Amino acid sequence: MISLIDTHSHIDLPVFDEDRGAMLARARSAGVHAIVVIGHNPERWRASAELCGAHSNLVRTVGIHPNDAGSWSPSVSRDLTRELEMGDAIAIGETGLDFYRDSVPPDLQRGAFAAQLSLARLFDLPVVIHQRNAEEDVLTMLRAYGPLRGVMHCFSGDTTFATACVGLGFMLGVGGVATYPKSTNVRAALSETPIDALILETDAPYLAPQGRRGKRNEAAYIVESAQTLADVHGLSVEEIADRTTANAVRLFGGRLKAAVAAGLGAGLCA
């Protein structure tokens with residue numbers, strides 16, 4: 001039996017309201033025994049807390065997405081600090097920089113990102129990084145506020161960027177993008193990246209893998225990304241599952257380990 005972790009999902013979103021229970025059952029059947037729910041703004045903090053409170057194999061992060069950074073203020077900073085003080089969040093994020101869209105001015109994004117990197121240092125938590133068209137700026141800020149640890153979510157860069165991220169203590173999040181026919185540079189980068197620096201994710205409901213392209217993504221579909229990673233490293237899916245699960249637990253800590261154990265228990269009893 002394989003045991004996988006979906007380290008980045010948005011299964012708290014309303015698009016899952018009608019069949020969330022069935023979706024979680026499909027995930028368990030596929031060997032996904034724990035899921036990280038990303039709370040990327042205050043509304044999602046509340047939704048993710050409720051969802052994780054109802055399911056022992058789910059854990060959450062809290063942060064402000066760069067596309068929500070226009071709302072950053074001293075009040076939001078205090079609210080995020082209080083959320084972290086509750087002690088159930090396993091990471092800060094997703095946060096970062098997104099220069100692909102122009103909805104939030106870069107300086108506002110940088111300010112919110114910097115504040116969250118400081119909180120990561122203060123609370124000794126990993127950081128879930130979103131970057132789009134902002135590789136150099138993200139690396140510059142991680143160097144300035146490091147040492148830090150975390151994951152470069154939805155890795156879509158080349159070998160140079162991968163090497164820089166790993167060198168700064170970050171893992172790479174491998175999901176649907178790696179399965180796309182045109183993502184040859186991504187697969188090349190992953191093939192050169194040590195297995196111990198890779199974890200699996202879906203970004204559900206977004207970025208479904210190639211075999212499900214155009215459909216709502218969900219945790220069970222992570223198996224396709226695991227197969228792609230197995231192919232580029234010349235390993236079995238079972239070994240990829242073992243290694244990436246161990247990596248995720250090493251990065252995110254005891255709460256995620258407990259979630260995996262809960263998920264395994266639920267699966268065995270089903």
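## The loop between α5 and β6

P147 is placed in the loop between α5 and β6. The model is predicted, and in it the peptide bond from G146 to P147 is cis, with omega near 5°.

A second cis peptide bond is found from G93 to E94, where omega is near 15°. E94 belongs to strand β4, which covers residues 89-98.

## Positive phi angles

N133 has a phi near 55°, which is a positive value in a residue other than glycine. N133 sits in the loop between β5 and α5. It counts as exposed because its relative accessibility is 54% and the cut-off for exposed is over 50%.

C154 is another non-glycine residue with positive phi, in this case near 50°. C154 is located in the loop between β6 and α6. A glycine can be added to these two: G169, just after α6, takes a positive phi of about 95°.

## Helix α6

Which residues of α6 are buried? In this helix, made of residues 159-167, they are F161, A162, A164 and C165. These residues lie on the same side of α6, because they cover an arc of only 165° around the axis. On the face turned away from that buried side are the exposed residues T160, T163 and G167.

The buried residues of α6 pack against both strands and helices. The strands are β5 (127-132), β6 (150-152) and β7 (170-174). The helices are α5 (135-145) and α7 (184-192).

The N-terminal end of α6 is capped by D158, with a side-chain oxygen 3.2 Å from the backbone nitrogen of T160. T160 is also one of the exposed residues on the face turned away from the buried side.

## Packing of α4 and α5

Helix α5, one of the elements against which the buried residues of α6 pack, also packs with α4 (residues 106-123). The angle between α4 and α5 is about 35°, and their axes are 10 Å apart. The crossing in which α4 passes α5 is right-handed.

On the α4 side, the contact is made by R110, F113, A114, L117, S118 and R121. On the α5 side, D137, V138, M141, L142 and Y145 take part. By class, the residues of this contact divide into seven nonpolar, one polar and three charged.

## S9 in strand β1

Is S9 in strand β1 buried or exposed? S9 counts as buried because its relative accessible area is 0%, where the cut-off for buried is under 20%. The strand that holds S9, β1, consists of residues 4-9.

Leaving aside neighbours within four places in sequence, S9 is in contact with residues of two stretches of the chain. One group is I35, V36, V37 and I38. The other is T202, D203 and A204.

## G211 and D124

G211 is found in the loop between β8 (198-200) and α8 (222-233). With a relative accessibility of 55%, G211 counts as exposed.

How far apart are G211 and D124 in sequence and in space? They are separated by 87 residues in sequence, and the C-alpha to C-alpha separation is 38 Å.

Technical notes:
Residues numbered from 1 in each chain as written. Predicted model: local features only at pLDDT ≥ 70, side-chain atom pairs only at ≥ 80, totals over all residues. Heavy atoms only, no water. Buried < 20%, exposed > 50% of the residue type's maximum accessible area, 1.4 Å probe, protein only. Helix = DSSP H or I, 4+ residues; strand = E, 2+ residues; numbered from the N terminus. Arc of directions from axis to C-beta. Contact = heavy atoms within 4.5 Å. Polar contact = N/O pair within 3.5 Å; in protein donor to acceptor, adjacent residues only side chain to side chain. Axes fitted to C-alpha atoms, helices over the stretch in contact; angles between N-to-C directions. Left-handed = near helix turned anticlockwise from the far one by under 90°. Nonpolar A, V, L, I, M, F, W, Y, C, P; charged D, E, K, R; others polar.
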